Amino acid sequence: VRRISARRLLPLLLGLPGVAVLGVAMLRAVDGLPADATGLTRAIEVRMPDSGVSHPVTGVLLNFRAYDTWLEVVVLLIVATIMLSLRRGLLPDRASATRDAITVGLVRRLLPVLLLVAVFVLGLGTSGPGGAFQSGALLAAGGLLLFLAGYPITRLAEGTLLRVLLSAGGAAFLLAALVGVALGARALEFAPDVAGAAILVIEITVAFSLVVMLFVLLVSASPEGEE
Amino acid sequence: MPVHDLYTAAGVVIFLVGLLRLLADAHLLRLVLALHVMGSGTFLVLVGTAYRFRDPDPDPVPHAMVLTGIVVTMGVTALAVALVRLFHARTGRVHLGPSSADEAWTPAGERDA
């Protein structure tokens with residue numbers, strides 16, 4: 001049985017009424033939501049033909065609310081930058097001596113499947129649940145596998161290449177916004193006839209960027225190389 | 001009560017559990033986890049709300065917000081864990097505040113760890 005000291009109990013006792021009030025208020029708010037509203041489903045449905053994609057979630061992510069997705073990519077870029085600063089760069093590759101038959105066998109069998117699924121999921125994004133984020137997550141997992149198995153993976157993404165890849169996703173959105181403004185539209189407003197192509201280019205660029213960002217996050221969170 | 005409202009209510013409860021832990025705990029790693037639990041509760045609320053507006057498919061906007069949120073949450077958690085690790089590596093401590101707090105706030109079972 002864990003002993004709870006007075007210093008821990010006090011904030012709990014003080015916080016409990018506040019949390020209880022907040023909980024009741026939140027549950028009441030949920031209960032009070034209109035039952036017959038359609039939310040934004042109808043509005044999205046009407047504009048879907050203009051979005052350039054056929055999956056509503058992708059349409060929201062990369063067209064109707066592309067600004068959110070842009071900022072999301074920038075948040076990840078900031079996090080990756082802080083991680084790299086804390087570590088003063090990427091961790092060095094593990095010694096190839098850490099490679100053993102099991103990890104190598106696992107990597108050799110899993111990686112081709114991972115690559116195939118990642119490309120499939122990226123392409124699926126326009127018509128079903130999928131896209132840059134899911135694809136990037138899969139590829140980053142593949143990179144982590146390679147890193148853990150002792151393959152020289154961090155050497156592939158260093159210096160200028162690392163910086164270019166990290167910022168490519170945010171830059172793709174910025175470029176799309178600037179081109180739109182230059183052509184007389186509002187920022188991140190895609191004309192229906194070019195929306196599909198623009199989204200595809202952005203998705204692929206963001207996927208590349210995400211792989212590197214997530215890889216930096218995962219590798220930097222590993223305990224190795226701490227002083 | 002339709003099942004998606006149960007999801008929403010469960011999301012609220014999960015959020016509150018995380019919030020309570022955030023208030024009551026002092027271990028930095030557990031604070032990060034509490035924050036993450038609160039985030040998960042928020043996502044469940046959003047998903048539940050999206051199903052309320054089913055016509056016939058759930059509202060895609062809350063779904064897109066959850067997808068965005070998951071990635072941001074992961075970034076926040078990774079950054080927080082990295083900072084906690086750095087703090088621990090530099091000071092050997094897992095709590096903020098005066099250094100005596102580490103001893104006073106560590107549960108008895110974890111003292112020798």
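Across all chains, this predicted model has 4 salt bridges. One of them joins the side chains of Arg42(A) and Glu45(A), at 2.9 Å from N to O. Both residues sit in helix α2 of chain A, 3 residues apart, which is about one turn of the helix.

**Where the chains touch**

What about salt bridges between chain A and chain B? The count there is 0. Polar contact between the two chains comes to 1 residue pair, with both residues at pLDDT 80 or more. On the chain A side, α1 (6-31), α2 (41-51), α3, α4, α6 and α8 each bring at least two residues to the surface that touches chain B. Among these helices, α1(A) gives the most, with 12 residues. Sort that side of chain A by class and you get 29 nonpolar, 7 polar and 11 charged residues.

The contact as a whole takes in 47 residues from chain A and 42 residues from chain B. The size of an interface is often given as the accessible area lost when the parts come together. Here chain A and chain B bury about 4300 Å² between them, and 70% of that is on carbon and sulfur atoms.

**The empty spaces**

Now for the gaps. Rolling a probe the size of a water molecule over the atoms shows where empty space is left. Here are three such spaces, side by side:

| Space | Volume | Nonpolar residues in lining | Polar residues in lining | Charged residues in lining |
|---|---|---|---|---|
| Largest pocket | about 590 Å³ | 21 | 3 | none |
| Second largest pocket | about 280 Å³ | 12 | 1 | 1 |
| Largest cavity | about 40 Å³ | 4 | 2 | 2 |

Start with the largest pocket, which has 24 lining residues. Which of them lie nearest its centre? They are Leu139(A), Ile153(A), Phe208(A), Val211(A) and Val212(A). Three helices of chain A, namely α5 (101-124), α6 (132-148) and α8 (192-220), each supply at least two residues of this lining. No charged residue turns up in the lining of the largest pocket.

The second largest pocket, at about 280 Å³, is lined by 14 residues, and the closest to its centre are Leu175(A), Ala176(A), Val179(A), Phe190(A) and Ala198(A). Helices α7 (159-182) and α8 of chain A each put at least two residues into the lining of this pocket. The biggest share comes from α7(A), with 5 residues. So α8 of chain A shows up in several places: it helps line the largest pocket, it helps line the second largest pocket, and, with helices numbered from the N terminus, it also supplies at least two residues of the side of chain A that touches chain B.

That leaves the cavities. The count is 1 cavity of 30 Å³ or more, and about 40 Å³ of space lies in the largest cavity. Which residues line the largest cavity? From chain A there are Val60(A), Leu61(A), Arg65(A), Asp68(A) and Thr69(A), and from chain B there are Ala64(B), Met65(B) and Thr68(B). In terms of helices, α3 (56-64) and α4 (66-87) of chain A and α3 (60-91) of chain B each supply at least two residues of the lining. Of these, α3(B) gives the most, with 3 residues.

Methods:
Residues numbered from 1 in each chain as written. Chains lettered and ligands numbered in written order. Heavy atoms only, no water. 1 Å grid on protein atoms, 1.4 Å probe; cavity = no way out; pocket = protein on both sides within 12 Å on 5 of 7 lines; lining within 4 Å. Points joined across faces, edges and corners; volume = space filled by probe spheres on them. Helix = DSSP H or I, 4+ residues; strand = E, 2+ residues; numbered from the N terminus. Nonpolar A, V, L, I, M, F, W, Y, C, P; charged D, E, K, R; others polar. Contact = heavy atoms within 4.5 Å. Buried area = accessible area lost by both parts, 1.4 Å probe. Polar contact = N/O pair within 3.5 Å; in protein donor to acceptor, adjacent residues only side chain to side chain.
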